[in-house]
Amino acid sequence: MTTTRIAPGDPSLEGAIRRAIEGEVRFDAFTRGLYSTDASHYQIEPLGVVFPRSTADVEAVLTIARERGVPVLPRGGGTSQCGQTIGRAIVLDCARHLTRIEDVTSSESSTPTIEVEPGVVLDHLNAQLKPHGLWFPVDPSTGSRATLGGMAGNNSAGARSIQYGMMVDNVAALEVVLPDGRRATVGAHGDEVSTLPRELAELRALYRREADEIAARTPRTMRNVAGYNLDRLNPEHENIARLLVGSEGTLAFFSKLHLQLSPLPARRVLGVCHFPGLVEALDSVQHLVELEPSAIELVDQNVLRLAAERPDFRPAMSTFVQGTPGALLLIEFASPDKGADLRPKLHALAERAAALGYPGSVVFAESAAAQADVWSVRKAGLNIVMSMAGPRKPISFIEDCAVPLEHLGEYARRVDEVFARHDTDGTWYAHASVGCLHVRPALNLKDPDDVGLVRLIAEETHEIVREFGGTHSGEHGDGILRSEFLETMLGRRMTAAYEEVKRTFDPAGIMNPGKIVDAPRMDDRSLFRFAPGYEDKRELPVILDWSATGGLLGATERCNNNGACRKYEPDVMCPSFRITHDERHSTRGRANALRLALTGQLGEAGLDSPEMAEAMSLCVSCKACRRECPAGVDMARMKLEWQNRRNQRGGIPLRERVLAAIPRLAPMASRVGGILNLGANGPGKRLLGLAPERTLPKWATDPWRDDEIAGRHAPSNADNTARHADAPDVAFFVDTFTRWFEPENARAASTVLRSGGWPVHAVKAPSGERPLCCGRTYLSAGMLDEARREAERLLDALVPLAEAGTRIVGLEPSCLYTLRDEIPALLPGPRAARVAEQARMLEEFLDEEWRTGREIPLAQQSGETADTPARDRTLVHGHCHQKAFGGTSATLAMLRRIAGQEVDLIESSCCGMAGAFGYHAEHYEASMAMGEVSLLPAVRNAGNARIVADGTSCRAQIADGTGRNAEHIAVTLAEALASD
């Protein structure tokens with residue numbers, strides 16, 4: 001493996017690059033730490049990180065690298081599972097700026113093509129192509145963050161490669177920068193004859209000499225990404241671009257890719273075939289491919305079991321999983337004809353399954369929504385398995401061996417025997433249609449004994465692969481993990497040929513050394529993320545309960561670097577990364593930073609460094625990662641511990657003290673609320689560091705009082721409790737924000753609850769004490785001791801109610817879900833657990849009751865008046881915490897029960913206000929940028945639609961950003977109540 005004498009962070013090298021390019025240069029220890037890992041189990045600190053803005057920047061970096069003899073490593077989304085995108089080199093992060101997409105063009109062969117820079121994300125490209133009826137059909141499960149440059153470097157594939165092939169089959173040409181600084185276009189209509197005469201002559205001579213060996217040794221499987229694509233040197237179809245595809249950044253830098261596009265399938269259907277076991281499913285594949293599907297994917301029982309344990313997958317799975325199958329095959333059929341009838345294909349599938357001995361085993365998924373449910377589980381399978389409890393985790397090192405279809409079942413059986421021999425188990429899923437099997441044995445890479453099993457299991461599995469004429473590298477490439485085994489699998493002459501190709505393009509060995517050629521040992525523990533000596537070296541006294549993850553460090557280690565937090569749409573995670581495109585502001589970046597700091601790898605001051613503060617500063621604690629991260633990383637909760645430490649060591653700023661203390665100050669402040677409202681936009685804003693552009697909330701002149709439940713604001717039919725004699729009691733919890741600033745929402749909710757006949761009681765503090773609060777404001781400030789005191793007061797009032805079966809109903813998502821999330825972590829035990837079990841948002845409670853037959857008397861929303869035109873459309877923005885707990889479905893369900901209303905969810909990320917975050921002067925621009933990602937434009941384009949948003953901060957952001965007023969669902973439902 002090529003090494004350099006220049007140390008990571010070398011200031012001379014950093015200065016030279018900084019002077020030579022327009023892009024950003026970061027050689028600090030914090031950034032180096034973030035780029036020392038990818039989705040593999042390896043960790044290597046780079047020399048530094050560069051974010052080039054142009055090909056000229058890349059050329060300048062390569063020039064300096066040649067002069068100083070240092071390696072260069074291109075990187076896209078950093079989701080490699082074999083360690084391709086880490087190394088002791090200058091990392092060129094292409095994903096930040098090299099993201100231009102050219103117009104679609106037609107080639108002479110009438111195949112549409114497009115030119116893209118290497119940092120373009122696959123899903124972004126396909127979103128732009130969709131209006132043209134086109135797509136780029138290589139579709140790995142990481143398409144929401146995988147870059148086209150990385151996919152080409154890795155020779156990626158996807159679920160539909162049986163129909164469309166791999167990257168090598170879909171890249172027409174490449175524009176490259178060679179290690180010596182030359183530019184060239186290779187492939188279709190390339191200029192390699194004039195620009196690469198020496199290289200072309202040497203490659204042709206190599207092929208003439210080794211043609212027989214290449215033909216004999218290249219695996220005949222439908223998937224193979226081992227080594228370099230020497231077969232693409234065949235004079236009958238010579239294509240230098242396709243030789244470079246799969247070269248893992250070791251031969252040249254891809255500055256632009258010319259991609260072949262395909263017509264977007266207009267019609268798809270999916271059959272979900274159930275099998276009693278893994279082997280039975282895999283044995284069936286060879287017979288099912290005869291039906292010409294566009295994909296056959298395997299999901300095994302371990303993935304199904306783990307997915308069923310996750311609330312975000314459970315509803316989807318109920319639509320297509322019957323009983324407890326041992327494995328599923330997902331068989332897709334597609335047509336470019338929008339009017340094509342594909343049901344005969346599904347019936348043929350059912351008949352074939354019956355003929356194989358599995359009658360009645362096929363569930364049809366014909367609608368787009370039903371198919372999306374199925375694919376959501378399959379696509380997340382890789383990361384779902386990483387959420388397994390315990391020290392042993394599924395490890396990727398025989399991840400994607402591929403064998404001919406007739407051997408699939410026997411291969412699985414033999415590999416299971418290997419696992420049993422070494423006292424471990426494996427989790428399987430697969431691109432079954434092409435014989436590429438993803439299997440991960442569960443091992444603990446902190447345990448030296450388990451580390452020793454890595455090589456043993458790999459070598460025994462590879463022997464089976466060779467016996468069946470397969471390949472050890474069917475999709476994810478070679479990298480550090482598999483390069484060592486190329487000679488064993490393919491022979492010395494083939495690896496010598498790879499070395500010759502490397503010398504031809506990169507004689508100085510500066511391009512991503514140690515991959516494919518001159519590889520280190522794959523089990524060299526000094527290269528592991530959990531290297532010898534890895535342990536928790538920075539003791540951090542924690543406040544919250546981390547027992548489920550084995551401590552705070554264990555919680556950070558749940559991040560497997562899959563990069564799902566780098567996606568941009570359509571879900572919530574991660575709002576800060578969406579606006580900065582900066583690794584520091586992704587969930588992955590923060591989790592890695594905390595892990596490195598806790599283990600002492602960022603020095604003594606790692607946890608308290610300005611870089612850590614910068615990384616944490618834009619985390620809005622939206623909790624999206626809690627739901628959307630496939631590995632279950634909960635950054636909002638981890639941030640609380642970090643904030644608490646910061647407060648203890650550095651004190652709490654005045655602004656945070658004042659904002660956090662609102663629940664305690666409010667009873668006094670509200671008495672002079674009118675005066676405070678008059679001065680809301682005065683110099684106090686600047687004194688507290690609040691954004692002058694913000695409109696501060698106004699104190700209510702008539703705040704909510706708990707005795708109003710049975711008081712003058714009760715509706716005329718409040719005593720109609722006989723309507724539902726068996727209805728549960730309701731404890732109405734009015735939060736601080738609603739009580740003192742928007743009491744009209746509480747009054748509307750009270751009206752709704754009383755209209756349904758539920759016995760409603762106020763959640764009251766003991767006589768003479770201030771109102772109860774969940775502690776949300778103290779949590780936001782990282783003041784966990786104060787938050788715990790508030791939580792204890794609230795639990796004292798709620799526990800007797802919860803134990804009596806009373807439903808606890810609230811209005812503000814950030815407060816209500818505190819009962820279900822943070823309070824059980826602050827005060828673990830049966831008391832908090834019981835309260836969490838009974839806590840509901842208003843619409844969650846109403847929807848739950850409605851489904852049991854206890855309804856509220858909804859009529860049609862009020863129509864047109866002199867001041868307000870009729871509105872028959874409602875747009876809903878879900879609060880981040882509602883989305884994290886799956887609560888928006890109840891919001892939509894209740895609104896759709898109002899006659900004459902079309903109700904749609906705004907596909908938005910975090911609104912950007914996030915409690916006090918958006919009021920901070922230093923965060924104002926970031927806050928507005930988050931809102932502009934999707935929410936604010938959608939509201940501006942909403943026409944006369946009613947806007948519903950449960951979150952206080954969401955409504956404030958909408959008002960500040962659009963001038964529109966959004967309302968709480970309680971107001972909407974109260975308006976729609978049928979009159980007596």
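Here are some short questions and answers about how features of this predicted model get their labels.

Q: How do you know how far to trust the chain, and where is the pLDDT below 50?
A: The pLDDT averages 92 over the chain, and 95% of the residues score at least 70. Residues 711–722 are where it falls below 50, although this stretch still has 19 contacts in the model beyond near neighbours in sequence. Where pLDDT is low, the predicted coordinates should not be read in detail.

Q: What makes Tyr411 and Trp428 an edge-to-face pair?
A: Two numbers do it, since a pair of aromatic rings is described by the distance of the centres and the angle of the planes. For Tyr411 and Trp428 the centres are 6.3 Å apart and the planes make 85°. Pairing needs centres within 6.5 Å, and edge-to-face needs planes over 60 degrees apart, so the label follows.

Q: Why can this pair be said to tie parts of the chain together?
A: Tyr411 belongs to helix α16 (residues 408–421) and Trp428 to strand β18 (residues 426–431), so the rings bridge parts 17 residues apart in sequence. Both Tyr411 and Trp428 are buried.

Q: Why is the pair of Trp699 and Phe741 called tilted?
A: Their planes sit at 40° with the centres 4.5 Å apart. Stacked would need under 30 degrees and edge-to-face over 60, so 40° lands in the tilted class. Trp699 comes from the loop between α30 (684–688) and β20 (730–733), while Phe741 is in helix α31 (residues 736–741), 42 residues apart. Trp699 and Phe741 are both buried.

Q: How many aromatic pairs turn up in a search of the whole structure?
A: The search finds 11.

Q: What makes Arg96 count as lying over the face of Phe51?
A: Arg96 is 4.3 Å from the centre of the Phe51 ring, and the distance limit is 6 Å. Lys446 makes a similar case: its charged end sits over the ring of Phe530, 5.2 Å from the centre.

Q: How do you know that the span of helix α32 is close to what is expected?
A: Helix α32 (residues 743–755) has 13 residues and reaches 18 Å from first C-alpha to last, against an expected 18 Å at 1.5 Å a residue.

Q: What makes α32 mostly covered, and what packs against its buried residues?
A: Buried means under 20% relative accessible area, and 11 of the 13 residues of α32 are buried. Among them are Pro743, Asn745, Arg747 and Leu753. They pack against β20, α31, β21 (760–762), α38 (842–851), α43 (952–962) and α44 (969–975). Just after α32, Gly757 takes a positive phi of about 85°.

Q: Why is helix α40 described as largely enclosed?
A: In helix α40 (residues 888–895), 7 of the 8 residues are buried, so the rest of the structure largely encloses it. The buried residues include Thr888, Leu892 and Met894. The cover includes α38, β24 (873–877), α39 (880–884), β25 (902–905), β26 (946–949) and α44.

Q: Which residues touch the most other members of the largest nonpolar core?
A: Leu230 and Leu329 do, in a core of 203 residues. Helix α34 (residues 784–803) gives this core its largest share, 8 residues. Beyond four places in sequence, the contacts of Leu230 include Leu206, Tyr207, Met494 and Val501.

Methods: Residues numbered from 1 in each chain as written. Predicted model: local features only at pLDDT ≥ 70, side-chain atom pairs only at ≥ 80, totals over all residues. Heavy atoms only, no water. Core = buried A, V, L, I, M, F, W, Y, C linked by side-chain atoms within 4.5 Å. Buried < 20%, exposed > 50% of the residue type's maximum accessible area, 1.4 Å probe, protein only. Helix = DSSP H or I, 4+ residues; strand = E, 2+ residues; numbered from the N terminus. Contact = heavy atoms within 4.5 Å. Phe/Tyr/Trp six-rings, centres within 6.5 Å; stacked < 30°, edge-to-face > 60°. Lys NZ or Arg CZ within 6 Å of the ring centre and 35° of its normal. Expected span 1.5 Å × (residues − 1). pLDDT = per-residue confidence, 0-100.
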